[in-house]
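Please open the model in a viewer and keep the selection panel at hand. The stops below say what to select next and what is found there.

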Amino acid sequence: MQRNKGQVTTLPYLAGQPEVVVPQVQSPIHLVLLGPPGVGKGTQAELLSRNLAARHLSTGDILRSARNLDPNERSPAISAALKYMQRGDLVPDSTILALVEEHLDYLSVEQSFLLDGFPRTVGQAWALDRMLERRDMKLDAVISYELPVDRIVQRLSGRRTCPACKSVFHISARPPRKRGVCDHCGSRLIQREDDRPVSIRVRLAAYEDNTAPLAELYARRGLLVRIPAEGSPEEVFGRSLEILQVA
Ligand code: AP5
């Protein structure tokens, strides 16, 4: 991948943290973020999308937004999807693919994008190939963030999210300035329903069974970049940029 090195920009980091200075990489770049639940994909997607002026498409966020709809406005497929999600199970491919197809029209070859939480099954990966081909687009890299399970559970069980602006906090690693309140929009933070221990176990198993095999698939295509997710979000972010520049 050819990347511009040396340009420096100051990134206003989320959740009121100190600004960090990062190298500016050349865009457009089209990425998939892989990794188990809670590894920090959403956190890195937010940082990367600001730095790359990239569109961030998260299937989890799209589904959670549907929860705010009046139940009468939800299609039967979306109502069923929300139940799968609450349990920690994967939503059926047909529902996810219909949602992604709608949102892919907002992506363009000239603009960077990050797909976060999609694809998550081999069937979704093949469907993504076809969707991108039809739009004359292709992926530049697939980042797989990696972290031991005990650290993942710590991250998930302490996560708090803003239902309004989607900012993500952690009770100890990334606390909001005022306890329980979003730094950005002042809304009351919540714990996601699927961040409770019973759902966390189901999500980790779903990842191992369905999503982990995607790393091998993208490795065979020469697209996979494995990145350790240890350390602070800023450290993981710096590592991601560095690897994207030289990969
Ligand atoms: P989704 O919303 O995609 O959830 P996920 O993949 O389980 O990932 P998470 O959002 O839980 O974690 P993350 O890796 O983004 O971590 P985060 O940055 O928040 O999907 C939810 C559900 O929707 C699925 O279970 C499924 O039901 C359904 N679904 C979605 N897409 C689907 C698809 N394609 N097919 C089928 N079903 C689908 O970080 C976690 C915590 O750690 C935060 O508190 C954060 O502040 C903290 N943190 C982050 N980085 C660090 C760090 N470096 N150090 C310390 N703390 C950190």
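Select Val-122, Ala-125, Trp-126 and Leu-128 in α5 together with Asn-210, Leu-214, Leu-217 and Tyr-218 in α7; these two groups meet, where contact means heavy atoms within 4.5 Å. The residues of this contact comprise 7 nonpolar, 1 polar and no charged. In that classification Ala, Val, Leu, Ile, Met, Phe, Trp, Tyr, Cys and Pro count as nonpolar, Asp, Glu, Lys and Arg as charged, and the others, Gly among them, as polar.

The model is predicted: local features need pLDDT of at least 70 and side-chain atom pairs count only at pLDDT 80 or more, whereas totals for chains, interfaces and linings use all residues. Residues are numbered from 1 along each chain as its sequence is written, and side-chain values use heavy atoms, with hydrogens and water left out.

Next, show helix α5 (residues 122-134) and helix α7 (residues 197-220) as ribbons: they pack at an angle of about 45°, with their axes 8 Å apart. Axes are lines fitted to C-alpha atoms, for helices over the stretch in contact, and angles run from 0 to 180 degrees between N-to-C directions. Helices (H or I, at least four residues) and strands (E, at least two) are DSSP runs numbered from the N terminus. The helices α5 and α7 are therefore oblique to each other; the oblique class holds what is left after angles under 35 degrees (roughly parallel), over 145 (roughly antiparallel) and 65 to 115 (roughly perpendicular).

Stay on α7 and select Glu-208, where the helix bends by about 45°. The bend at a residue is the angle between axes fitted to the seven residues ending there and the seven starting there. Buried residues of α7 include Ser-199, Ile-200, Arg-203, Leu-214, Leu-217 and Tyr-218; buried means under 20% relative accessible area, exposed over 50%, and partly exposed in between (1.4 Å probe, protein chains only). After α7 comes Gly-222, whose phi is positive, near 75°.

Move to the other side of α5 in sequence. Which residue follows Phe-118 across a cis peptide bond? The residue is Pro-119, and omega of this bond is near 0°. Pro-119 is placed in the loop between β5 (113-116) and α5.

Two residues with positive phi come next. Asp-136, in the loop between α5 and β6 (141-146), has phi near 60° although it is a residue other than glycine. Asp-136 counts as exposed, at 68% relative accessibility. Then select Lys-166, in the loop between β7 (159-161) and β8 (168-170). Its phi is about 75°, and Lys-166 is not a glycine either. At 30% relative accessibility, Lys-166 counts as partly exposed.

Now go to Leu-156 in helix α6 (residues 149-157). Is Leu-156 buried or exposed? With 1% relative accessibility, Leu-156 counts as buried. Leaving aside residues up to four places away in sequence, Leu-156 touches Pro-37, Gly-38, Asp-195, Ile-200 and Arg-203. A distance label from Leu-156 to Asp-194 should read 9.2 Å, C-alpha to C-alpha, for a pair 38 residues apart in sequence.

For the last residue, select Leu-244 in helix α8 (residues 233-246). Leu-244 is buried, with a relative accessible area of 1%. Leu-244 and Val-225 are 19 residues apart in sequence and 8.3 Å apart, C-alpha to C-alpha.

Finally, show the whole chain, with its 8 helices and 9 strands. Of its 247 residues, 47% count as buried.
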